[in-house]
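User: Hi! I'd like to talk through a structure with you, one question at a time. Could you take a look?

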Amino acid sequence: IHVRFTPTVPTCSVATLIGLTIKAKLQRSLPRRYKIDVEIFPGTHNQEDQVNKQLNDKERVAAALENPALRKLINNGIAGTDRPDDILLLA
């Protein structure tokens with residue numbers, strides 16, 4: 001699975017957190033046999049290479065997901081994403 005995302009602005013300070021959240025959601029939702037790559041869409045962030053390097057380094061991602069503060073942020077970002085909101089369902 002290859003996902004590219006576009007940060008809100010080229011200087012987005014939470015681009016790595018957004019990428020980690022996407023990666024964590026996919027890892028929790030898909031079978032382990034899938035390889036998941038998450039990266040910033042080329043040319044959309046000032047530190048694109050550094051963020052992509054962090055997002056695709058298994059050890060860095062594992063360490064980040066073990067950090068209690070980051071894990072809490074990621075869990076809050078993912079909360080409620082397993083079912084569509086009732087407002088989105090057709091009547």
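User: Which residues does Asn 52 touch, not counting residues up to four places away in sequence?

Analyst: Happy to help, and note that this is a predicted model. Asn 52 sits in helix α2, which covers residues 48–55. Leaving aside residues up to four places away in sequence, the residues that Asn 52 touches are Glu 39 and Ile 40.

User: Does Asn 52 count as buried or exposed?

Analyst: The cut-off for buried is under 20% relative accessible area. Asn 52 has 12% relative accessibility, so Asn 52 counts as buried.

User: Thanks! What pattern does the chain follow along the sequence?

Analyst: Let's start with the elements: the chain has 4 helices and 2 strands. Read along the sequence, they give the pattern β-α-β-α-α-α.

User: What share of the residues of the chain count as buried?

Analyst: For the setting, the C-alpha trace spans about 45 × 30 × 25 Å along its principal axes. The accessible surface of the chain is about 6,700 Å², and carbon and sulfur atoms account for 55% of that surface. Of the 91 residues, the share that counts as buried is 26%.

User: Among contacts between residues at least 6 apart in sequence, what percentage join residues at least 24 apart?

Analyst: Contact here means heavy atoms within 4.5 Å. Among the chain's contacts between residues at least 6 apart, the part joining residues at least 24 apart is 64%.

User: And how far apart are the centres of the positive and negative side chains?

Analyst: Good one for electrostatics fans! The chain carries 13 positive and 10 negative side chains. The centres of these two sets are separated by 5 Å.

Conventions: Residues numbered from 1 in each chain as written. Predicted model: local features only at pLDDT ≥ 70, side-chain atom pairs only at ≥ 80, totals over all residues. Heavy atoms only, no water. Buried < 20%, exposed > 50% of the residue type's maximum accessible area, 1.4 Å probe, protein only. Areas by Shrake-Rupley, 256 points an atom, 1.4 Å probe, with all protein chains shown as cover. Lys, Arg positive; Asp, Glu negative; His and termini not counted. Charge placed at Lys NZ, Arg CZ, Asp CG, Glu CD.
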